[in-house]
Amino acid sequence: MCGRYAASRRPEDLTGLFQIEKWEPTEALAPDWNVAPTKEVYAVLERPLKDADDRRPVRQLRKLRWGLVPSFAKSPEGAARMINARAETVHEKPSFRRPFVARRCILPADGYYEWVTGTEERELEVKGKKKRPRKQPYFVTPADGSVFAMAGLYEFWRDRTLPDDHPQSWWVTCSVITTEAETGPLGVAPAEGPRSLSDIHPRMPLMLTEDRWDAWLDPARTDPDELRELLAPPPTGLMRAYPVGTAVSSVRNNGPELLEELEAPEVGTLF
């Protein structure tokens, strides 16, 4: 799954990297090393500009809210539960199938966090001596330092309790597409710990390699079968994972220090 990630790249860097044609400086976000559900995040997408005579799709950098609210939802209360969409079923789930063929995006990240339960903590849990075991967080990021381009979907939701001219009458929300975690060896593995991403968690965000960006963002592509081909996992060995401090486990903590690599896990793990 993807329940927390880091996104510290400046919009100026993203506009060049993704060949952005349109973005509003008023939508600038501060670097965030602990992105949690319902936060606002950057998304790269293609659609015609509002009120423009030219209806061609324009590549934009937009500010969206993480946690998809389906267009048919009566309220946005379930957004925090719809932060992920499974690649295997995204084309058929009612909340995701329409965005999948019409509203796809890329969510740029530095990488994502995942937690592993320690051996001793797990034993205590099994014995019923501890209800919530401590977990060791790992940060997963491209081994070459490139952007982690997560496949995503976005959707519009109208808040009918507000008038049409209210600035918050429309919500634009998004979800990260996830896939089965890689079982092959990591590009760079920690000195001690997981040897593959599947050792950390059975799911992972689907990373789009640069050769798929244009096709994924192209709104003219609407055939579900062709789009599903773009959801194939990237080549193995592109990622590295390393342990980070447990401070990231609290959403109140934020800063580049959350990405600092530990020499050894703080919490004993299953490896």
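Biologist: Let's start with asparagine 84: buried or exposed?
Modeller: This is a predicted model, so everything here is computed from it. Asparagine 84 sits in strand β6, which covers residues 84-86. Buried means under 20% relative accessible area, and asparagine 84 comes in at 18%, so the call is buried.

Biologist: Which backbone atom lies 2.9 Å from a polar atom of the asparagine 84 side chain?
Modeller: Asparagine 84 touches Met1, Cys2, Trp66, Phe96, Ser175, Val176 and Thr178, leaving aside residues up to four places away in sequence. Cys2 is one of those contacts. The atom 2.9 Å from the side chain is the backbone nitrogen of cysteine 2.

Biologist: Sticking with cysteine 2, why is there no bond from its sulfur to the closest cysteine sulfur?
Modeller: Cysteine 2 is buried, with a relative accessible area of 0%. The closest cysteine sulfur belongs to cysteine 174. A disulfide needs the two sulfur atoms within 2.5 Å, and this pair is too far apart for a bond, at 10 Å.

Biologist: And cysteine 174, which cysteine has the sulfur nearest to it?
Modeller: Cysteine 174 also counts as buried, at 0% relative accessibility. It is in no disulfide, in line with the search of the whole structure, which finds 0 of them. The nearest sulfur is 5.6 Å away and belongs to cysteine 105.

Biologist: On to the strands. What is the order of the 5 strands in the open sheet?
Modeller: Start from β8, which is joined to β1 (residues 5-7) by 2 bridges. β8 is also joined to β9 (residues 135-142), by 6 bridges. β9 in turn has 5 bridges to β13. With antiparallel pairing, the order reads β3-β1-β8-β9-β13.

Biologist: Which strands stand at the edges of that sheet?
Modeller: An edge strand here has a single partner, so one side of it is left without a neighbour in the sheet. As for the twist, neighbouring strands are turned by 25° against each other on average, direction ignored. The two at the edges are β3 (32-35) and β13 (239-243).

Biologist: How many residues of strand β8 are buried?
Modeller: β8 spans residues 111-117. Its tyrosine 112 stands opposite tyrosine 5, and its glutamate 114 stands opposite tyrosine 138 in β9. The strand is largely enclosed by the rest of the structure, because the buried count is 7 of the 7.

Biologist: Which residue in β13 stands opposite threonine 141?
Modeller: Threonine 141 lies in strand β9, and β9 runs antiparallel to β13. Its contacts include Leu238, Met239, Arg240 and Tyr242. The residue standing opposite is arginine 240.

Biologist: Which backbone oxygen does the side chain of threonine 141 reach?
Modeller: Threonine 141 counts as buried at 11% relative accessibility. Asp110 and Gly111 are among the residues it touches. At 2.6 Å, the side chain reaches the backbone oxygen of aspartate 110.

Biologist: What about β4, how many of its residues are buried?
Modeller: β4 covers residues 40-47 and is joined by 8 bridges to β5 (residues 58-66), the two running antiparallel. Within that pairing, valine 44 stands opposite leucine 61. β4 is largely enclosed by the rest of the structure, because its buried count is 6 of the 8.

Biologist: Turning to the nonpolar cores, which residues touch the most other members of the largest one?
Modeller: That core has 30 residues. There is also a second, separate core of 28 residues, including Phe18, Ala85, Leu217 and Leu230. Leucine 197, from the largest core, touches Tyr112, Val140 and Met239, among others. The ones touching the most members are Tyr5, Trp66, Leu107, Tyr112, Met150 and Leu197.

Biologist: Last one, arginine 195: what is its relative accessible area?
Modeller: Arginine 195 is in the loop between β11 (170-180) and α4 (197-200). It touches Gly184, Pro185, Leu186, Ala189 and Pro190, not counting residues up to four places away in sequence, and its side chain reaches the backbone oxygen of glycine 193 at 3.4 Å. Partly exposed is the label, since its relative accessible area is 43%.

Definitions and conventions: Residues are numbered from 1 along each chain as its sequence is written. This is a predicted model: local features need pLDDT of at least 70, side-chain atom pairs count only at pLDDT 80 or more; totals for chains, interfaces and linings use all residues. Side-chain values use heavy atoms; hydrogens and water are left out. Buried means under 20% relative accessible area, exposed over 50%, partly exposed in between (1.4 Å probe, protein chains only). Helices (H or I, at least four residues) and strands (E, at least two) are DSSP runs, numbered from the N terminus. Two strands pair if DSSP finds at least two bridges between them. A nonpolar core is a set of buried Ala, Val, Leu, Ile, Met, Phe, Trp, Tyr and Cys residues joined through side-chain atoms within 4.5 Å. Contact means heavy atoms within 4.5 Å. A polar contact is a pair of N or O atoms within 3.5 Å; within protein, one must be able to donate a hydrogen and the other to accept it, and residues adjacent in sequence count only if both atoms are side-chain atoms. Axes are lines fitted to C-alpha atoms, for helices over the stretch in contact, and angles run from 0 to 180 degrees between N-to-C directions.
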